[in-house]
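Student: I would like to take a close look at a single part of this model and then see how the rest is arranged around it. Could you go through it slowly, with each term explained?

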Amino acid sequence: MSVDSDPSNHQSGRLALRAVEVCRHYPMGETLIRAVDGVSLEVRAGEFVALLGSSGSGKSSLLNLIAGLDRPTSGAVIVEDRDLAQLSRQELAKYRLRTVGMVFQSFNLVSRMTLEENVELPMRFAEVERSQRDGRARQALERVGLGGRATHRPSQLSGGEQQRAALARALINQPKILLADEPTGNLDSRTGTEIMDFIREFNQSLAMTIVMVTHERALAERYAERMIFLADGKLIGDQPNPAAVNTSVREQRR
Amino acid sequence: MKTYDLTELALRNLRESSLRNSLTTIGISVGVASLVAMLSLGIGLQKLASRRLASSGLFDTVVVTSRRDLRGFSRDDERNTASAAESRRLDESARQEIERLPEALEAYPDIRFVTEFRYQDKPHLTMVSGIPASARSNDAFSGIQGSFFSSEDAPEVILQKSFAAELLDQAIQPGQEDAIPVAQLAKPLLGQELTMRYAERLPPPSTEGATVPAGQTAALKENENPSEAAYSVISREQKLKIVGVSDLDPDSMRGAARARVFLPLKLAEHLHVMQPSDLRDSMRSFNKQPSYSTISVRVKSPKQIEAVEQAIKKLGFNTFSILDATRSLRQFFAVLDLFLGIFGSLALAVASIGIVNTLVMAILERRREIGIMKAIGASDGDVKKLFFAEAGAMGVLGGVVGVALGWAIGHVINLGTNVYLKRQALPPENFWSVPWWLVGAAIIFAFVVSLVSGLYPAARAARLDPVQALRYE
């Protein structure tokens, strides 16, 4: 019933992204920080992957490289047959706009805008017709259960609501990959579960590839079908997590 | 991002930190206002001077004199002339020849003489001038009460205001010309009869007498000596109907300068009144055709004055026009405008630093927001354009408010000056002019200055590293 039941989608499916010996070094004073140090990994389309590690392990740096927010010092990040390191700033912006959606630990909504305007913002950059934007923004907010809050500002909402709005914004341009950087880090466990349920629903109903950074192993074990462990910028473990896979969102809600 | 979205977003952002942005906008407004005020003053003064000169009727007029009169305005002309006696006479055939020049509208003799008028049996001595029908459209007679002459040789007369006052025994003090409205003077005089007494110059008795215009009455022969002088002088009277009273300044530079009574030109010609130049003629042999002391030539456009002057000089006459005088005047005003504009722009330059400051502050404040926008797909260009749009919007807004402010400042200055002028017993004047092109140019200028001011902040915002921007709270 879900995409997970089709094994070809995972084991032999096409790749969503591939990192090849990717490094991100930057100087800090006298020393060279090796935030990401020679990581190679492949993520298949539709996969739900968790990047695990303690703080400073390089998981967020790796996510920024995948998100096209940062460029690797060496190595390659290949998404849809294109090496992000080779893209121009303009092309990279377009990649962030269309191919990936991103949610952050601190929600990162524009505080001066209403939820609707926040969700609309990526559509403005994508030059979506005005007439379509309102409807799509409302629809996206309804999908995350914020239909009645469209004209509220982020400061008027709880953390969970803000993160739901951020999810709606991340999905508005229908990206293929959702990148989540500690999406539940600022939330209590109940609202955190709520957010994770939404993310899993997107993974299953939209066949969206998910790469989530977290330091909570329990969360990863519950939702991610594959766990990748990082320490000191290096990949130290990569294991499937079949336990999470078979629990569908709908069953949980019931 | 689409232009409309960009503008909307920019205006939205401006509204958010409204105090700082409105202060910056006021800064631009003051800059634009000072620019507009300075330039309007320059333009207004120039217009005032031009208006004064234009109403003098000399901008399109060339004055022609005969070289034999030795009254040329240019010494060179006199020196280059072989001999005064050999030069051409400025007579009717010369007038017609000048009038046939392609650029000339008309050429008419300058007829003026001093004579006596009787009104209600009191004598009044003054200067009379014949004016052509074309003067009707000249703004020199724009302030006329009553009407212009009904025809070119109607026995009608227009009075200058001060002469009208004299007829009514209301003396006008110098400097108090505006104390009595023209309408008040014209009311009792319009339609009244005025008798002009003058000396007619007649050809020698052997020739036929001049036609006697209508309304001419007594003829008293006097001082007739056909053997010695070549003409006779007869004292005559002419009844004239007062049709208009003009507020024309008798000291203005018009062709009919210093005259206080105006007759239709044809009538004045037909009267054959003794002219001052006739005395000089009487020293020489007399010609049957009368000659004129000066002829005024009206030219189609001021641009053709020089060509007409050259053509008339070739015919053998001296010419004078105000062209050279106005050229230096225009140059003066161009320099004045430039300096006023520079001072005005200085204020705008200070305001532009305010824009840079505001936008740089906005970048610091909105660092995170810029980071977010980039993370969700805004390109460098989008961010740059957004800051540009904000700068431009402040510029346009500041420009519009500034133009209004400048207009108001100018109005106040003008009002103040007029209060001062009134105290000095001088007529009010409009020193102030805000032409439409200045309104448009000031707003566009403010817009461009703001965009230039936004260059650096916009580039800085666009360069911002999203990872850095998002790292800090």
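What do the buried residues of α3(A) pack against, in chain A and in chain B?

Tutor: This is a predicted model, in which local features need pLDDT of at least 70 and side-chain atom pairs count only at pLDDT 80 or more, while totals for chains, interfaces and linings use all residues. Residues are numbered from 1 along each chain as its sequence is written, and chains are lettered from A and ligands numbered from 1 in the order in which they are written.

The buried residues of α3(A) pack against α2, α4 (130–143) and α5 (159–171) of chain A, and also against α1 (3–16) and α12 of chain B. Helices (H or I, at least four residues) and strands (E, at least two) are DSSP runs, numbered from the N terminus. Ten of the eleven residues of α3(A) are buried, which leaves this helix mostly covered; a residue is buried if 20 or more other C-beta atoms, placed from the backbone, lie within 10 Å of its own, exposed if 12 or fewer, and partly exposed in between. Among the buried residues of α3(A) are A:Leu115, A:Val119, A:Leu121, A:Met123 and A:Phe125, and the charged side chains A:Glu116, A:Glu120 and A:Arg124 are also on that list.

Just beyond the helix the picture changes, since α3(A) is followed by A:Glu127, a residue in the loop between α3 and α4 of chain A. A:Glu127 is exposed, because it has 11 other C-beta atoms within 10 Å, and its phi is near 55°, a positive value in a residue other than glycine. A:Glu182, in the loop between β7 (177–181) and α6 (189–205) of chain A, also has a positive phi, of about 50°, although it is not a glycine. A:Glu182 is nevertheless buried, because 21 other C-beta atoms lie within 10 Å of its own.

Two of the helices that α3(A) packs against, α4(A) and α5(A), also pack on each other, at an angle of about 135° and with their axes 9 Å apart; axes are lines fitted to C-alpha atoms, for helices over the stretch in contact, and angles run from 0 to 180 degrees between N-to-C directions. α4(A) and α5(A) are therefore oblique to each other, as angles under 35 degrees count as roughly parallel, over 145 as roughly antiparallel, 65 to 115 as roughly perpendicular and the rest as oblique. The crossing of these two helices is right-handed (the near helix is turned clockwise from the far one by less than a right angle; anticlockwise would be left-handed). From α4(A), the residues A:Ala140, A:Leu141 and A:Arg143 make the contact with A:Ala165, A:Ala168 and A:Leu171 of α5(A), where contact means C-beta atoms, placed from the backbone, within 7 Å. By class, five residues of this contact are nonpolar, none is polar and one is charged.

The partner from chain B brings us to the interface, where 20 residues of chain A are in contact with 18 residues of chain B. On the chain A side, α2 (89–98) and α3 (115–125) are the elements that give two or more residues, and α2(A) gives the most, with five residues. This side of chain A has nine nonpolar, four polar and seven charged residues (Ala, Val, Leu, Ile, Met, Phe, Trp, Tyr, Cys and Pro count as nonpolar, Asp, Glu, Lys and Arg as charged, and the others, Gly among them, as polar).

Within chain B, α12 (residues 380–423), one of the helices packed against α3(A), itself packs with α13 (residues 436–463) at an angle of about 150°, their axes 7 Å apart. That angle makes α12(B) roughly antiparallel to α13(B), and α12(B) passes α13(B) in a right-handed crossing. The residues of that contact divide into 20 nonpolar, eight polar and two charged.

Stepping back to chain A as a whole, it has nine helices and ten strands, and buried residues make up 46% of its 254 residues. Of the contacts in chain A with a separation of 6 or more, 70% are between residues 24 or more positions apart. An open sheet of four strands in chain A has the order β2-β1-β4-β5, with antiparallel pairing (two strands pair if DSSP finds at least two bridges between them). β1 (residues 15–28) and β2 (residues 31–44) of chain A pair over eleven bridges, and together they form a hairpin with two residues between them.
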